[in-house]
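Notebook open, model loaded. I'm jotting down what I look up as I go, one topic per entry.

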Amino acid sequence: QALRSVRSAVRMALVAVCAATLSACATRPPVSLDEHALIRSMARDERAAAFSLSGRFVVKGPDQSASASLDWQHAQDRDELQINGPLGKVLAQLTRDGSGVRLVDDGQRVTRAGTLDELARAAFGADIPLTGAAYWVTGRPGNASVTSRDDAGRIAALTDRGWRVEFVRYEDDSADALPRLIEASDGEHSFRLLIDEWSPVK
């Protein structure tokens, strides 16, 4: 049952592409206004988007629920995503690079695939649009269909292959603010991601 909960958390975390705490992580110094403007610009760069975020998520299914925290660094040619449990225990690590995608769980089992969407089918036997997650967390639709926008022109909701994604809260009221709280559901599973921090890309 515990292993099923972990795998369920990994599955849903990779969708959107966040409630356990980050108590084991050191507090980072706050970023300046200039740094944050650069973070927003880099995260939404249509040619070479790059970002670094930390957050917490909760996933719920028909028979179980799970929660964890995550750290995600994204670049055009690489992703590094780590899912952490209580006290910083690493539950799973995902890496995407020129050779493909690799997922390592807490039992050191390795799943490999050519793309993120292929990984979802191989690891979970499900059609999960993982490729779109890097767009969604930055408030961009990617290949999804935008169904509504808020008064500032930002995406309020979108749909992609049976998933409905809602942008419940942004960082602030500005038009270029990054998402703060995202909720997604496919009718059977639900996912709630709270982004705690956007950091300069390392």
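**Entry 1: a loop residue.** I started at glutamate 46, which counts as exposed at 60-something percent, or to be exact 63% relative accessibility. A caveat for everything below: this is a predicted model. Glutamate 46 sits in the loop between helix H2 (33-43) and strand E1 (51-60). I then checked what it comes close to in space from elsewhere in the chain. Glutamate 46 and arginine 140 are 94 residues apart in sequence, yet 9.5 Å apart from C-alpha to C-alpha.

**Entry 2: the sheet.** How many strands are in the sheet, and in which order do they run? I get 11 strands in an open sheet, ordered E6-E5-E4-E3-E2-E1-E11-E10-E9-E8-E7, with antiparallel pairing. E6 and strand E7 (145-149) are at the edges with a single partner strand each, so each has one side without a neighbour in the sheet. On average, neighbouring strands are turned by 20° against each other, direction ignored. A reminder to myself: strands of a sheet pair through backbone hydrogen bonds, either parallel or antiparallel.

**Entry 3: around E5.** Is strand E5 (residues 100-105) largely enclosed or largely open? Of its 6 residues, 5 are buried, so the rest of the structure largely encloses E5. The cut-off behind that call is under 20% relative accessible area.

I went through the partners of E5 next. Strand E4 (residues 90-97) pairs with E5 in the antiparallel sense over 6 bridges, and a hairpin through 2 residues joins E4 to E5. On the other pairing, E5 and strand E6 (residues 110-113) run antiparallel and are joined by 4 bridges. Valine 101 is a handy marker here: it stands opposite arginine 96 and also opposite alanine 113 in E6.

The hairpin of E5 and E6 has 4 residues between the strands. Glutamine 108 is found in that loop, with a positive phi of about 65° although it is not a glycine. Glutamine 108 counts as exposed, at 60% relative accessibility.

**Entry 4: the other edge.** I looked at E7 and strand E8 (residues 155-160), which pair in the antiparallel sense over 4 bridges. Arginine 149 has isoleucine 155 in E8 as its bridge partner. Following the chain on, I found another positive phi outside glycine: arginine 161, at about 50°. Arginine 161 lies in the loop between E8 and strand E9 (163-170). With 39% relative accessibility, arginine 161 counts as partly exposed.

**Entry 5: aromatic pairs.** Searching the whole structure gave me 4 aromatic pairs. The rings of phenylalanine 51 and tryptophan 198 have centres 5.7 Å apart and planes at 80°, so I log the pair as edge-to-face. Phenylalanine 51 belongs to strand E1 and tryptophan 198 to strand E11 (residues 190-199), so the pair ties together parts 147 residues apart in sequence. Are these two rings buried or exposed? Phenylalanine 51 counts as buried at 1% relative accessibility, and tryptophan 198 is buried too, with a relative accessible area of 5%.

Phenylalanine 57 and phenylalanine 191 also pair, this time tilted, at 5.8 Å centre to centre and 40° between the planes. That pair again links distant parts of the chain, with phenylalanine 57 in strand E1 and phenylalanine 191 in strand E11, 134 residues apart. Phenylalanine 57 is buried with a relative accessible area of 0%, and phenylalanine 191 is buried with 2%. One cluster also turned up: Phe51, Trp72 and Trp198 form it.

**Entry 6: the largest pocket.** How much space lies in the largest pocket? I read off about 310 Å³. Of the 17 residues lining it, the closest to the centre are His74, Gln76, Arg96, Ala134 and Tyr135. Strand E2 (65-75) and helix H4 (133-136) each supply at least two residues of the lining. By class, the lining divides into 7 nonpolar, 4 polar and 6 charged residues. Arg96 is a familiar name by now: it is the arginine 96 that stands opposite valine 101 in E5, and here it is listed among the residues closest to the pocket centre.

Technical notes:
Residues are numbered from 1 along each chain as its sequence is written. This is a predicted model: local features need pLDDT of at least 70, side-chain atom pairs count only at pLDDT 80 or more; totals for chains, interfaces and linings use all residues. Side-chain values use heavy atoms; hydrogens and water are left out. Buried means under 20% relative accessible area, exposed over 50%, partly exposed in between (1.4 Å probe, protein chains only). Two strands pair if DSSP finds at least two bridges between them. Axes are lines fitted to C-alpha atoms, for helices over the stretch in contact, and angles run from 0 to 180 degrees between N-to-C directions. On a 1 Å grid over the protein atoms alone, a cavity is a set of points where a 1.4 Å probe fits but cannot get out, and a pocket is an open set with protein on both sides within 12 Å along at least five of seven lines; lining residues have an atom within 4 Å of a point. Grid points are joined across faces, edges and corners, and a volume is the space filled by probe spheres set on the points. Ala, Val, Leu, Ile, Met, Phe, Trp, Tyr, Cys and Pro count as nonpolar, Asp, Glu, Lys and Arg as charged, and the others, Gly among them, as polar. Rings of Phe, Tyr and Trp (its six-membered ring) pair if their centres lie within 6.5 Å; planes under 30 degrees apart count as stacked, over 60 as edge-to-face and the rest as tilted.
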